[in-house]
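This report describes a predicted model. The topics are its nonpolar packing, its metal site and one cysteine.

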Amino acid sequence: MLFRPHIWIKNVLAIDRAFVEKYGFKGFILDLDNTLSMHGNPAAENGIFEWLDSMRELGVKMVIVSNNTKKRVAPLAAKLGLPFFSFGCKPLPLGINKAKKLMGLPRKEIAVIGDQIFTDVLGGNVSGIRTVLVEPFHLEDKLGFRFKRKLESIFFKRDYSKLERK
Ligand SMILES: [Mg+2]
């Protein structure tokens with residue numbers, strides 16, 4: 001099922017040593033907006049820097065693949081100390097494949113991690129890479145996002161009622 005994530009967690013901060021070892025992950029292809037940072041926010045969410053350090057200590061390679069512009073992605077990626085590909089074209093495998101090549105890891109050791117089913121999860125699944133769906137840090141109020149969330153909730157009964165609205 002191309003729209004179904006392999007693993008569904010609250011957010012990346014739930015990923016720890018036990019998680020990495022359980023699934024045998026050695027590399028993460030990370031979405032940016034709502035996965036590491038609130039959409040459009042120039043800063044990362046609380047705990048992200050420490051989490052990235054903990055993953056680096058475990059030897060996990062990480063690359064950001066975002067569909068957003070270089071102007072949006074580059075400054076935050078620099079702050080986070082991560083390589084990135086902007087205009088990632090998810091769910092097409094373009095950016096994901098570039099990230100995979102950069103990490104030099106086989107598919108089975110990589111996870112695509114993101115908050116959107118139609119870009120992150122679908123993109124990982126069509127690339128033959130396991131996917132981890134996170135709940136967005138903050139819900140978007142823009143109509144397009146609401147439409148996508150609605151579609152997602154129809155497909156997956158994703159319950160946003162418990163999530164905080166900004
Ligand atoms: Mg996102």
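The largest nonpolar core holds 29 residues, and those that touch the most other members are F28, L30, L36, W51 and L80. Two or more residues are given to this core by each of strand 1 (7-9), helix 1 (17-23), strand 2, helix 2, strand 3 (61-65), helix 3 (70-80), strand 5 and strand 6 (130-134). A second core, separate from it, has 10 residues, among them V65, I96, M103 and L105.

L36 can be followed further: leaving aside residues up to four places away in sequence, its contacts include L30, W51 and L80, as well as D31, and D31 is also one of the residues that coordinate the magnesium ion.

The magnesium ion is coordinated at 2.0 to 2.2 Å by the residues and atoms tabulated here.

| Residue | Donor atom | Distance range for the site |
|---|---|---|
| D31 | OD | 2.0 to 2.2 Å |
| D33 | O | 2.0 to 2.2 Å |
| D115 | OD | 2.0 to 2.2 Å |

Along the sequence these donor residues follow the spacing D-x1-D-x81-D. The pair D33 and D115 links distant parts of the chain, 82 residues apart, with D33 in the loop between strand 2 (27-30) and helix 2 (48-57), and D115 in the loop between strand 5 (110-114) and helix 5 (117-126). Both D33 and D115 are buried.

C89 lies in the loop between strand 4 (84-85) and helix 4 (94-103), and C89 counts as partly exposed because its relative accessibility is 33%. Residues up to four places away in sequence not being counted, C89 touches N67 and L94, while the C-alpha atoms of C89 and T119, which are 30 residues apart along the chain, are separated by 8.2 Å.

Notes. Residues are numbered from 1 along each chain as its sequence is written. This is a predicted model: local features need pLDDT of at least 70, side-chain atom pairs count only at pLDDT 80 or more; totals for chains, interfaces and linings use all residues. Side-chain values use heavy atoms; hydrogens and water are left out. Donors are N, O and S atoms within 2.8 Å of the metal (3.2 Å for Na, K and Ca); water is not among the atoms, so sites may look incomplete. Helices (H or I, at least four residues) and strands (E, at least two) are DSSP runs, numbered from the N terminus. Buried means under 20% relative accessible area, exposed over 50%, partly exposed in between (1.4 Å probe, protein chains only). Contact means heavy atoms within 4.5 Å. A nonpolar core is a set of buried Ala, Val, Leu, Ile, Met, Phe, Trp, Tyr and Cys residues joined through side-chain atoms within 4.5 Å.
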